[in-house]
Amino acid sequence: MSGKNAPIERQDPPDLPVPGALMVDGQGRIGEFRGMWCGRWSLRPVAGGTEWTVAPADAQPASPEQRLGAEVTRANARSRGVPAIRGEYAFFDFTISPDMDPDAPPMLYRFRCLGEDDDGTPCGAESEESEDFEEARGWTFKHKKDQPEHTSYEEVLRRPWIMRPGRPA
Ligand SMILES: [Zn+2]
């Protein structure tokens, strides 16, 4: 991997989230960061709807658990009109669901470039796998600096699941 001695240029204050980052306000509401507005941060509900603003000091990055909940909400909002996605599937007397135990393996994020070279060869470049979603996502911008035409990416998520006896609640 390159970039070991290339300093990363930053124009924004380091604590300003990137647009789309999932943040939690003082009341535990989760939203996508939209931008700065009159010294406050603007957040939008993940399922869409009216934005609200929050004092930067009251906002925190979403935890992996909160992010998972937001992803399910977002997926359900996207598939409106289709039967709701169920988070759990039962098979006989076992249920499998995302493993959120503190001891569970971490969720790992990676981004993969879906761009193609001029001759149609898929690029296939990937970020490092990271427990930090924003770190993995940040890689796409670095990659686009080297490959300005590459604007399509996919998120590859590794999430631990666990089977437990019993039926879904
Ligand atoms: Zn690429």
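In this protein, 53% of the contacts between residues at least 6 apart in sequence join residues at least 24 apart. Keep in mind as you look around that this is a predicted model. The protein has 169 residues, and 12% of them count as buried. Its regular elements are two helices and 10 strands.

**Overall layout**

- Starting at the N terminus, the order of elements is β-β-β-β-β-α-β-β-β-α-β-β.
- Try tracing that order along the chain in the viewer, from the opening run of β elements to the closing β-β.

**The five-stranded sheet**

- An open sheet is built from five strands, arranged as β4-β3-β2-β1-β5 with antiparallel pairing.
- At the edges of this sheet are β4 (52–54) and β5 (60–61), each of which pairs on one side only.
- In general, strands of a sheet pair through backbone hydrogen bonds, and the pairing can be parallel or antiparallel.
- Strand β1, which covers residues 22–24, pairs with β5 in the antiparallel sense over two bridges.
- To find this pairing on screen, look for V24, which stands opposite Q60 in β5.

**I30, a residue in the sheet region**

- You will find I30 in strand β2, which spans residues 30–37.
- I30 has 18 other C-beta atoms within 10 Å, and a residue needs 20 or more to be buried, so I30 counts as partly exposed.
- Leaving out residues up to four places away in sequence, I30 touches L22, V24, V46, A62, Q66 and A70.
- One of these contacts, A62, is 32 residues away from I30 along the chain, yet their C-alpha atoms are separated by 7.2 Å.

**The nonpolar cores**

- The largest nonpolar core has eight residues: L22, M23, V24, F33, W41, L43, A59 and A62.
- Two elements, β1 and β3 (40–45), give two or more residues to this core.
- Strand β1 provides the largest share of the core, with three residues.
- F33 is a core member worth clicking on: beyond residues up to four places away in sequence, F33 touches P17, P19, G20, A21, M23, W41 and L43.
- Another core, of seven residues, lies apart from the largest one and includes F133, A136, W139 and Y153.

**Helix α2 and its two sides**

- The buried residues F133, A136, W139 and H143 are found in α2.
- Looking down the axis of α2, you can see these buried residues fall within an arc of 115°, so they line one face of the helix.
- F141 and K145 are exposed, and they sit on the other side of α2.

**E131, just ahead of the helix**

- E131 belongs to the loop between β8 (108–113) and α2 (133–146).
- E131 counts as partly exposed because it has 13 C-beta neighbours inside 10 Å, while a residue is exposed at 12 or fewer.
- Setting aside neighbours within four places in sequence, E131 is in contact with P106, M107 and L108.
- E131 and P64 are 67 residues apart in sequence, and their C-alpha atoms are 9.0 Å apart in space.

Definitions and conventions
Residues numbered from 1 in each chain as written. Predicted model: local features only at pLDDT ≥ 70, side-chain atom pairs only at ≥ 80, totals over all residues. Pairing = 2+ DSSP bridges. Helix = DSSP H or I, 4+ residues; strand = E, 2+ residues; numbered from the N terminus. Contact = placed C-beta atoms within 7 Å. Core = buried A, V, L, I, M, F, W, Y, C linked by C-beta atoms within 7 Å. Arc of directions from axis to C-beta.
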